[in-house]
Amino acid sequence: MLIPAAEQSNSIHPATDKAILTLGNGEKIMLDESKDGELSTEGNIHINKTKPGNLVYTAGKNVEKVHINTLVTPRGGRYQLTLADGTQVWLNAQSSISYPSAFRGSSREVTISGEVYFEVAHNAAMPFRVRSESQLIEVLGTHFNVNTYKAKSRTKTTLLSGSIALTNAHQRVILKPGEQGIVAGESMSIKNVDPAEVIAWKEGYFDFTDADIGSVVDELGRWYNVDIHYQGTATSETFTGRIPRSWSFEKVLNLLKTFKSINVEMQGRRLIVETK
């Protein structure tokens, strides 16, 4: 039985507060299925779900042992995390962060993938470090966004306030507010950007400026948990616009149908994108 395209798109919804927490002992907690309140304790470190979409760590004095925890959002998921030092973290869809349950020693270090926004708690005695596959970010206290989605094989780090050092295998640069460091393989470049556009996802919007169709569709696919299948050659058409992430997928699909260079068709949860 064939399902009409309108019914298919009506069954697809925007991302929700959904993530999987893996504790140091390997236990996995489905946060969207868990009640608010204390989820676990690791020594005198308490892990609480304070409300839907918000996970908070608090550490008592004299922490004897820390564990590496991992928070993962699937396609169609998002989540917010407060680390034990007070640093706030936002995870976009299909992203992850691994971090100690509390910070000890001379530095604070986490590892990420996907897209993550940080508001780092200031602690000059313990610099904050963010590792991804291709780079290292060092910071004392600041706000910045890191995009490591692999579609373009580039990692983009955008500084909103403060100062950070960005390092890859061959280069180290200091970013200023409003600058974006781009790491592609062994190369690194810096350009000026509009930070509001970069963190629009955190504020509930898609914000595109001269974005190629592939980038637009890939981002929509992650947010709505839709598989993307391309047919034909790449198109040079670009899109500029701001779209609420709360839009129904049906409304988004109707927007895609206005693009002159592509045809789009839904097959279950697969979006077929064919160049004309």
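**Cavity, pocket and cores**

Visitor: What volume does the largest cavity have?

Guide: This is a predicted model, in which local features need pLDDT of at least 70, side-chain atom pairs count only at pLDDT 80 or more, and totals for chains, interfaces and linings use all residues. Residues are numbered from 1 along each chain as its sequence is written, and side-chain values use heavy atoms, leaving out hydrogens and water. A cavity is a set of points, on a 1 Å grid over the protein atoms alone, where a 1.4 Å probe fits but cannot get out. The volume of the largest cavity (space filled by probe spheres set on points joined across faces, edges and corners) is about 40 Å³.

Visitor: Which helix gives the largest share of the lining of this cavity?

Guide: Lining residues have an atom within 4 Å of a point. For the largest cavity they are N92, A93, E115, Y149, E219, R222, W223 and R245. Three of the residues come from one helix (a DSSP run of H or I, at least four residues; strands are E, at least two; both numbered from the N terminus). It spans residues 213-224 and is α3.

Visitor: How much space lies in the largest pocket?

Guide: A pocket is open, with protein on both sides within 12 Å along at least five of seven lines. The largest pocket is lined by 32 residues, and the closest to its centre include N147, K156 and E219. E219 also lines the largest cavity. The space in the largest pocket is about 810 Å³.

Visitor: Which element gives the most to the lining of the largest pocket?

Guide: Elements that give two or more residues include β15 (143-147), β16 (155-161), α2 (195-198) and α3. The top contributor gives eight residues. It is β21.

Visitor: Which residues have the most contacts inside the largest nonpolar core?

Guide: A nonpolar core is a set of buried Ala, Val, Leu, Ile, Met, Phe, Trp, Tyr and Cys residues joined through side-chain atoms within 4.5 Å. The largest has 39 residues, while a second, separate core of 25 residues includes I12, V226, L253 and F259. Inside the largest, the residues with the most contacts are L71 and F118.

Visitor: Which tyrosines are in contact with L71?

Guide: Contact means heavy atoms within 4.5 Å. Neighbours within four places in sequence are left aside. The partners of L71 include A19, L31, L55 and L91, along with Y79 and Y99.

Visitor: Is T87 buried or exposed?

Guide: T87 sits in the loop between β8 (77-82) and β9 (88-91). Leaving out residues up to four places away in sequence, T87 touches L81, T82, R108, F118, E119, V120, A121 and F128. Buried means under 20% relative accessible area, exposed over 50%, partly exposed in between (1.4 Å probe, protein chains only). T87 has 0% relative accessibility, so it counts as buried.

Visitor: Which side chain does T87 join by a polar contact of 2.9 Å?

Guide: A polar contact is a pair of N or O atoms within 3.5 Å; within protein, one must be able to donate a hydrogen and the other to accept it, and residues adjacent in sequence count only if both atoms are side-chain atoms. The side chain of T87 also reaches the backbone nitrogen of A121 at 3.0 Å. At 2.9 Å, its side-chain partner is D85.

Visitor: Is K35 buried or exposed?

Guide: K35 has its place in the loop between β3 (28-30) and β4 (37-42). Its relative accessibility is 74%, so K35 counts as exposed.

Visitor: How far apart in space are A165 and L81?

Guide: A165 belongs to strand β17 (residues 164-167). A165 counts as buried because its relative accessibility is 5%. In sequence, A165 and L81 are 84 residues apart; in space, C-alpha to C-alpha, they are apart by 23 Å.
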